[in-house]
Amino acid sequence: MKEKIIYPIHRNKLIQLSNKYGTPLYIYDSSKIEEQYIKMKNAFSCINNLIINYACKANTNLNILKFLQKLGSGLDTVSIQEVELGLIAGFHPKKIIFTPNCVSIKEIKKAVDFGVRINLDNLSILEQFGEYFSDYSVGIRINPHIMAGGNSKISVGHIDSKFGISHYQIPHIKRILKNTGLKIEGIHMHTGSDISDIKSFLEGAKILFRIAMDLPDIIDYIDFGSGFKVPYTKNDIKTDLVCLSNYITEKFKSFCKDYGNEVTLIFEPGKFLVSESGYFLVHVNVIKHTTSTVFAGVDSGFNHFLRPMFYDAYHCIENISNPNGRLRFYTIVGYICESDTFGLNRKVTEIREGDILCIKNAGAYCFSMSSNYNSRYRPSEVMIINGKDFLIRKRETMQDLLRNVIEIKM
Ligand SMILES: Cc1ncc(COP(=O)(O)O)c(C=O)c1O
């Protein structure tokens with residue numbers, strides 16, 4: 001597939017969109033999503049059977065799902081609701097993989113009814129599943145005991161993590177398979193997000209290859225999960241896909257040869273595919289000078305954009321209404337009734353009340369983590385396809401806040 005270089009959306013276009021749709025506003029550039037998808041496909045083009053499953057928790061807008069489905073992507077899901085969204089978006093059930101954590105067997109039974117691939121991450125559920133559905137092959141999520149990921153909240157493959165079945169528990173897995181007759185169709189790991197050091201993928205790969213050799217069933221796939229780091233600033237590091245591919249491809253091919261079977265290689269990127277496609281536009285309500293700080297207070301908060309408060313994530317913030325203004329220092333905050341900082345002590349071109357700020361890398365884990373805290377409406381979302389803008393989610397209204405409330409007589 002031919003790669004295109006996609007330039008960021010120009011600030012004049014962003015201002016136009018903020019005038020047309022109002023703020024706060026999420027905007028997604030579909031051409032950037034396509035660029036990332038093709039980049040990943042090309043990086044691993046030497047693998048005969050490669051599947052890319054979009055981890056839709058990053059952004060579940062139905063139109064993003066449909067767009068990736070049309071590109072040829074599969075879907076990685078973690079809840080039965082994500083599975084249903086995937087089916088509504090048009091994914092074939094066998095192109096959806098359901099990797100839940102700490103859900104009930106009831107939810108997993110629903111996934112069986114939908115006919116999607118299932119990837120189990122604990123022994124209790126594996127045993128129960130085998131008793132109910134011994135003829136429905138499953139994947140198993142392995143915990144490789146690897147510390148990886150940008151911060152502790154997104155490091156999920158280490159020894160104390162709640163995810164996966166320890167790679168030391170393979171004898172127990174084998175016992176369950178023998179006792180229930182259940183078959184394993186694939187093995188999976190996901191060690192974390194924002195992984196800049198490719199060594200953790202390689203270490204994990206070795207463990208999965210060893211487990212595949214040891215299991216009684218011939219597996220169809222090995223899923224290396226995701227965690228590809230994208231740049232959040234101009235000179236920020238990112239996962240070196242080409243370097244990773246050089247190592248993985250060679251090791252994977254030699255594994256397939258020794259294994260005697262052409263196994264499918266799966267990745268399930270979320271952030272890599274959609275993060276950089278997203279822009280979050282907010283309006284500056286107030287400039288407030290205190291004894292130590294100049295605050296720019298905007299018409300949004302961590303209810304819409306949680307990553308800075310939850311992960312200490314750094315997102316670039318630009319004043320697109322005054323791009324040539326004098327550079328000054330601001331702390332950019334939201335309107336929520338708690339500390340609500342989007343950017344601490346940032347050098348930004350002079351911010352005035354009424355300006356529009358643009359927050360970058362807003363395509364992944366932004367809208368999908370939003371809430372109605374402080375009874376605020378969630379923002380609208382716009383998608384750009386072939387240069388045209390489409391409203392893909394309406395701004396909420398009071399009706400949305402009251403939708404499921406049952407008012408009782410008092
Ligand atoms: C099982 C699984 N796969 C894939 C992903 C996607 O990770 P990323 O967004 O870093 O690509 C996640 C993220 O939490 C995950 O839990």
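**Backbone features, pockets and the ligand site**

In this predicted model, His145 sits in the loop that runs between β6 (138-143) and β7 (165-166). The backbone of His145 deserves a look, with a phi near 60°, a positive value in a residue that is not glycine. A second backbone feature is found at Thr23 and Pro24, which are joined by a cis peptide bond with an omega of about -10°. Pro24 belongs to the loop between α1 (11-21) and β1 (25-29). As background to both features, most residues other than glycine have a negative phi, and most peptide bonds are trans.

Turning to the open spaces of the model, rolling a probe the size of a water molecule over the atoms shows where empty space is left. The largest pocket has a volume of about 1,000 Å³. Its lining is made up of 39 residues, and those nearest the centre of the pocket are Pro231, Thr233, Lys234, Glu276 and Asn361. Two or more lining residues come from each of α2 (30-43), α9 (241-259), β11 (278-289), β13 (317-319) and β15 (341-349). Of the elements involved, α2 gives the largest share, with 5 residues. In chemical terms, the lining of the largest pocket holds 18 nonpolar, 7 polar and 14 charged residues. Both domain 1 (44-269) and domain 2 (276-402) take part, each giving at least three residues to the lining of this pocket.

The second largest pocket holds about 590 Å³ of space. Here the lining counts 28 residues, with Lys57, Val78, His190, Ser193 and Tyr365 nearest the centre. At least two of the lining residues are supplied by α10 (271-274), and at least two by α11 (307-311). By class, the lining of the second largest pocket divides into 11 nonpolar, 9 polar and 8 charged residues. Domain 1 (44-269) and domain 2 (276-402) each contribute at least three residues to the lining of this second pocket.

The ligand completes the picture. It is surrounded by 13 residues, of which Ser193, Ser226, Glu268, Gly270 and Tyr365 are the closest. Ser193 and Tyr365 are also listed among the residues nearest the centre of the second largest pocket, and each of these two side chains makes a polar contact with the ligand. For Ser193, a polar side-chain atom lies 2.6 Å from an oxygen atom of the ligand. For Tyr365, a polar side-chain atom is found 2.5 Å from a ligand oxygen atom. Lys271 takes part through its backbone, where a polar atom is 2.9 Å from an oxygen atom of the ligand. On its own the ligand has 390 Å² of accessible area, and the protein covers 90% of this.

Terms used: Residues are numbered from 1 along each chain as its sequence is written. This is a predicted model: local features need pLDDT of at least 70, side-chain atom pairs count only at pLDDT 80 or more; totals for chains, interfaces and linings use all residues. Side-chain values use heavy atoms; hydrogens and water are left out. On a 1 Å grid over the protein atoms alone, a cavity is a set of points where a 1.4 Å probe fits but cannot get out, and a pocket is an open set with protein on both sides within 12 Å along at least five of seven lines; lining residues have an atom within 4 Å of a point. Grid points are joined across faces, edges and corners, and a volume is the space filled by probe spheres set on the points. Helices (H or I, at least four residues) and strands (E, at least two) are DSSP runs, numbered from the N terminus. Ala, Val, Leu, Ile, Met, Phe, Trp, Tyr, Cys and Pro count as nonpolar, Asp, Glu, Lys and Arg as charged, and the others, Gly among them, as polar. Domain bounds come from an automatic or database domain assignment. A residue is near a molecule or strand if one of its heavy atoms lies within 4 Å of it. A polar contact is a pair of N or O atoms within 3.5 Å; within protein, one must be able to donate a hydrogen and the other to accept it, and residues adjacent in sequence count only if both atoms are side-chain atoms. Accessible areas come from the Shrake-Rupley method with a 1.4 Å probe; for residues, only the protein chains shown count as cover.
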